[in-house]
Amino acid sequence: MTASAQSRDMLQIAAAAADSKGGEDLVALDVSEPLPLVDIFLLVTGRSERNVAAIADEIEDRLLEHGHKRLRREGRQESRWVLLDFGDLVVHVFHEEERMYYGLERLWKDCPVVPVELPAAASAE
């Protein structure tokens with residue numbers, strides 16, 4: 001299996017939202033093979049608890065605006081690792097220290113990387 005077109009569209013919306021709030025080191029992994037209920041994990045780093053919260057809130061707002069339903073949100077109160085579950089897309093917004101400590105990229109290293117296109121990259125040319 002590979003990530004669906006809808007999950008790739010959701011990824012681009014979420015990535016643009018994360019980028020607009022200063023999200024760094026965006027990595028998208030196609031986890032559809034080992035996890036049949038999820039297509040893509042998006043990993044994002046924020047520099048502080050406030051930044052992590054702002055990134056997560058913006059991603060959630062933009063996906064909701066585009067008609068995608070949030071199934072679950074965890075970690076918003078502490079804002080060290082916020083998980084947003086939108087079904088086909090699960091977003092992990094980490095504080096730098098948590099991202100390094102938990103190392104989800106290592107855990108899911110066998111999964112293909114999904115390209116993330118950011119609006120800033122296109123306009124910078």
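Trainee: Let's start with aspartate 25: in which strand does it sit?

Mentor: Aspartate 25 has its place in strand S1. Strands here are DSSP runs of E with at least two residues, helices are runs of H or I with at least four, and both are numbered from the N terminus. Before we go on, keep in mind that this is a predicted model, where local features need pLDDT of at least 70 and side-chain atom pairs count only at pLDDT 80 or more, while totals for chains, interfaces and linings use all residues. Residues are numbered from 1 along each chain as its sequence is written, and side-chain values use heavy atoms, leaving out hydrogens and water.

Trainee: What is the sign of phi at aspartate 25?

Mentor: First, the general idea: most residues other than glycine have a negative phi. Aspartate 25 has a positive one, near 50°. Serine 79 also has a positive phi, near 55°, without being a glycine. Glycine 67, which follows H2, has a positive phi as well, near 85°.

Trainee: Back to S1, then. Why is it said to be largely enclosed by the rest of the structure?

Mentor: Look at burial. A residue is buried under 20% relative accessible area, exposed over 50%, and partly exposed in between, using a 1.4 Å probe and protein chains only. S1 covers residues 24-30, and because 5 of its 7 residues are buried, the strand is largely enclosed by the rest of the structure.

Trainee: And which strands pair with S1?

Mentor: Two strands pair if DSSP finds at least two bridges between them. S1 pairs with S2 (residues 40-46) in the antiparallel sense over 5 bridges, and glutamate 24 faces threonine 45 of S2. S1 also runs antiparallel to S6 (residues 113-114), with 2 bridges joining them; there, alanine 28 has valine 114 as its bridge partner.

Trainee: How many strands make up the sheet, and in what order?

Mentor: Reading across, you get S3-S4-S5-S2-S1-S6: an open sheet of 6 strands with mixed pairing. S3 and S6 are the edge strands, each pairing on one side only. S2 and S5 are parallel partners over 7 bridges, with leucine 42 opposite valine 91 in S5.

Trainee: Which helices pack on the sheet, and at what angles?

Mentor: For the angles, axes are lines fitted to C-alpha atoms, for helices over the stretch in contact, and the angle between N-to-C directions runs from 0 to 180 degrees. Contact means heavy atoms within 4.5 Å. H1 touches S1, S2, S5 and S6, and its direction makes about 5° with that of S2. H2 touches S2, S3, S4 and S5, making about 165° with the direction of S5.

Trainee: How do I check the length of H2?

Mentor: The expected span is 1.5 Å times one less than the number of residues. H2 has 17 residues, so it should span 24 Å, and its end C-alpha atoms are indeed 24 Å apart. Its buried residues include Val52, Ile55, Ile59 and Leu63, and H1, S2, S3, S4 and S5 are among the elements that cover its buried residues.

Trainee: What is the largest nonpolar core made of?

Mentor: As a general idea, nonpolar side chains in soluble globular proteins tend to be buried together. A nonpolar core is a set of buried Ala, Val, Leu, Ile, Met, Phe, Trp, Tyr and Cys residues joined through side-chain atoms within 4.5 Å. The largest here has 25 residues, and Leu42, Ile59, Leu63, Leu89, Val91 and Val93 have the most contacts inside it. H1, S1, S2, H2, S4 and S5 each supply at least two residues, with H1 giving the most, 7. Apart from this core lies another, of 12 residues, including Phe94 and Trp108.

Trainee: Is histidine 92 buried or exposed?

Mentor: Histidine 92 lies in S5 and counts as buried because its relative accessibility is 4%. Leaving out neighbours within four places in sequence, histidine 92 contacts residues including Phe41, Trp81 and Leu104.

Trainee: Last one: where is serine 79, and what does it touch?

Mentor: Serine 79 sits in the loop between S3 and S4, and its relative accessible area of 3% makes it buried. Setting aside residues up to four places away in sequence, serine 79 touches Glu49, Val52 and Ala53. A polar atom of its side chain lies 2.7 Å from the backbone oxygen of arginine 76.

Key:
Polar contact = N/O pair within 3.5 Å; in protein donor to acceptor, adjacent residues only side chain to side chain.
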